[in-house]
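Hello,

Here is the structure I said I would pass on. Please open it first, then read my notes beside it.

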Amino acid sequence: MDPFGTYIKAVSARAADKEILKKAQDGGIVSAAYIYGLESGLLDGVIIADKEDGFAAAPKVATTREEILSAAGTKYTVCSNLSVVKSAVREYGCEKVGFVGTPCQVRSIRKAIKYPVGYRHVPDKIALIMGIFCMENFPYNGMKAIVEEHCGIKMDDVVKTDIGKGKFWVYSKWGDVKTVPLKDTHPYEQMSCHVCMDYTAELADISTGSVGSPDGWSTIFVRTAKGEEYLNKMVEAGAIETKDIDAVKPGLDLVQKLALSKKEKNAKEVEHRKEIGLPVPY
Amino acid sequence: MVKVAHVQLSSCCGCLVSLADTYEKLLDVLGAIDLVYSQTLADVREVPDDVDIILLEGSVCLSDHHAMEVALDSRKKAKILVALGACAATGNVTRFSKGNQPSKPVHDAFAPLTEVVKCDLAIPGCPPSPESIVAVVLAALNGDMEYLEPYAELAKYGSEACGCDLITKVINKSLCMGCGSCAAACPTRAVSMDAGRPLVDKEICIKCGSCSVQCPRIRFPELIEKIE
């Protein structure tokens, strides 16, 4: 099984801007790419997953650095990013839209571009597709159960969540840090994630995620000519600093291990669904 | 040159406007085809006998024998019959027609073309985007059957469509991952996202099929995997 999909190159990187690094989940790649895009004119609007009351996620169209920074960080819950793509074009009048999403959302936007039945005048306005590594996602109520019941922290008090070292981490605004072993979070996963065969957002222009790089850094796969050109410009402008992926620990081997484990597990689930007569995407 | 005709039944011209909305790309399309019949764009009274592609817009009024004849005639004359737009593909708003329709008060029973005659391709959407019409016409001209396969399937099985599809085919089957593609595709804003799942306002849904056609969890053609 092909773990990563096609890619031109892989690097380890982090944002050069200290303010981004302070607010970002890991290397701040999405924030850095978006801010660079808006400031250089390569993008004129970007889709973000903003934070709402109760640490819920909500898709928004952002056009300023401040909006991007206030949305930085991972939410680990469903955020319907595609639902605002048309607003970006119609209401905000954007002509160069930056899109970011989980692997499934990246697939959705690729479908919208290739088969744009209900997407009038959208396909040519998508200037950059960024994907984030994703093992699975939680519906909001699933995440709420993990945070409130397992960790004893109210959703309204959450400032940050994270997944790392085999645990789900919750940080409260009162300074509490609680963890749950990842295996205890599995029952709260979105079931539809279990038919997904994509860990590294294989159809994005640029995919990124923390796995494979040291703390504070992110791994990047550049997949398309468009993505390569964009990344090169970011590096030249000093928006991010990069390192050879082979020179960092733990490196691509770990990404491969996780990507394959997702694919193998979910391939079994897809087969199981077929056996018991449930549909799968085809 | 490939002969193309645009035929209209019970419809609003929206699909034709959408085709014209391709601006400079329309010239590519018109340059590549011989438009042998189109009430709005060409001064021809009769659809010629052997047309390569007929794009038929609108649903068929079953209580109007003229409409039935046009539908049957189009099937006979076309090598490839395309149900253009949601009225022809899935019924769309005309699904709600129940009598007293202009221009004759007894007109009722509007059925999508796909239910009346065998169609080769169906493009849902109200209207379908200019990009999708151009892509289908160009793929048909080039014989790109792989690209057309989903549209061929819709012509065969897709004669019913509405926001309910999202519930019966995606959410009830535990396939929805909450991307929001359906909500963006909806032309009437009948679909909103609630806690990461589509919420369909049945009062506003016009049964155009855009939401379910756009859903990657019902159909994800393999060729999308090939990115450049």
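B:E146 is partly exposed, with a relative accessible area of 45%. Its side chain forms a salt bridge with B:K226, and the closest N and O atoms are 3.9 Å apart. B:E146 sits in helix 7 of chain B, while B:K226 is in the segment after helix 10, so the pair ties together parts that are 80 residues apart in sequence. B:K226 is exposed, at 58% relative accessible area. Please keep in mind that this is a predicted model.

**Other salt bridges**

How many salt bridges are there over all chains? The count comes to 26. Here are some to look up.

- B:D49 and B:K77 form a salt bridge, with the closest N and O atoms 4.0 Å apart. This pair links distant parts of the chain, 28 residues apart. B:D49 is in the loop between strand 2 (33-38) and strand 3 (51-57) of chain B, and B:K77 is in helix 3 (residues 65-77). B:D49 is exposed, with a relative accessible area of 61%. B:K77 is buried, with 11%.
- A:E271 and A:K274 meet in a salt bridge through their side chains, 3.5 Å from N to O. Both lie in helix 9 (residues 252-275) of chain A. They are three residues apart, so about one helical turn separates them. A:E271 is partly exposed, with a relative accessible area of 41%. A:K274 is partly exposed too, with 47%.
- A:D17, A:E19 and A:R65 are linked in a network of salt bridges.

**Where the chains meet**

Now turn to the interface. On chain B, 47 residues are in contact with 41 residues of chain A. Between them the chains bury about 3700 Å², and 57% of that is on carbon and sulfur atoms.

Three salt bridges are counted between chain B and chain A. One of them joins A:R107 to B:E225, with the closest N and O atoms 3.0 Å apart. There are also 25 residue pairs in polar contact across the interface, both residues at pLDDT 80 or more.

Which helix of chain B gives the most to the side that touches chain A? Helix 7 does, with five residues. Helix 6 (130-142), helix 7 (145-157), helix 9 (181-185) and helix 10 (210-214) of chain B each supply at least two residues to that side. The residues on this side of chain B divide into 26 nonpolar, 10 polar and 11 charged.

**Three buried residues to visit**

Start with B:L175. It is in the loop between helix 8 (164-171) and helix 9 of chain B. At 1% relative accessibility, B:L175 counts as buried. Not counting residues up to four places away in sequence, B:L175 touches several residues of chain A, among them A:S192, A:V195 and A:R273. In chain B it touches B:K169, B:V170 and B:R217, on that same basis. B:L175 and B:G14 are 161 residues apart in sequence and 33 Å apart in space, C-alpha to C-alpha.

Next is A:Q105, in helix 5 (residues 103-114) of chain A. A:Q105 is buried, with a relative accessible area of 5%. Leaving aside neighbours within four places in sequence, its contacts include A:C79, A:F99, B:G178 and B:C179.

Last is A:E202, in the loop between helix 7 (182-185) and strand 9 (206-209) of chain A. Is A:E202 buried or exposed? A:E202 counts as buried, at 9% relative accessibility. Its side chain makes a polar contact with the side chain of A:K263, at 2.7 Å. Beyond neighbours within four places in sequence, the contacts of A:E202 include A:R107, A:R223 and B:I227.

**Cysteines**

A disulfide is a covalent bond between the sulfur atoms of two cysteines. A search of the whole structure finds zero disulfides over all chains. Why does A:C134 have no such bond? The closest cysteine sulfur, in A:C193, is 5.9 Å from the sulfur of A:C134, too far for a bond. A:C134 is buried, with a relative accessible area of 12%.

B:C164 has its closest cysteine sulfur in B:C162, 3.2 Å away, also too far for a bond. The cut-off is 2.5 Å between the two sulfur atoms. B:C164 is partly exposed, with a relative accessible area of 29%.

Best wishes

Methods:
Residues numbered from 1 in each chain as written. Chains lettered and ligands numbered in written order. Predicted model: local features only at pLDDT ≥ 70, side-chain atom pairs only at ≥ 80, totals over all residues. Heavy atoms only, no water. Contact = heavy atoms within 4.5 Å. Buried area = accessible area lost by both parts, 1.4 Å probe. Polar contact = N/O pair within 3.5 Å; in protein donor to acceptor, adjacent residues only side chain to side chain. Helix = DSSP H or I, 4+ residues; strand = E, 2+ residues; numbered from the N terminus. Nonpolar A, V, L, I, M, F, W, Y, C, P; charged D, E, K, R; others polar. Buried < 20%, exposed > 50% of the residue type's maximum accessible area, 1.4 Å probe, protein only.
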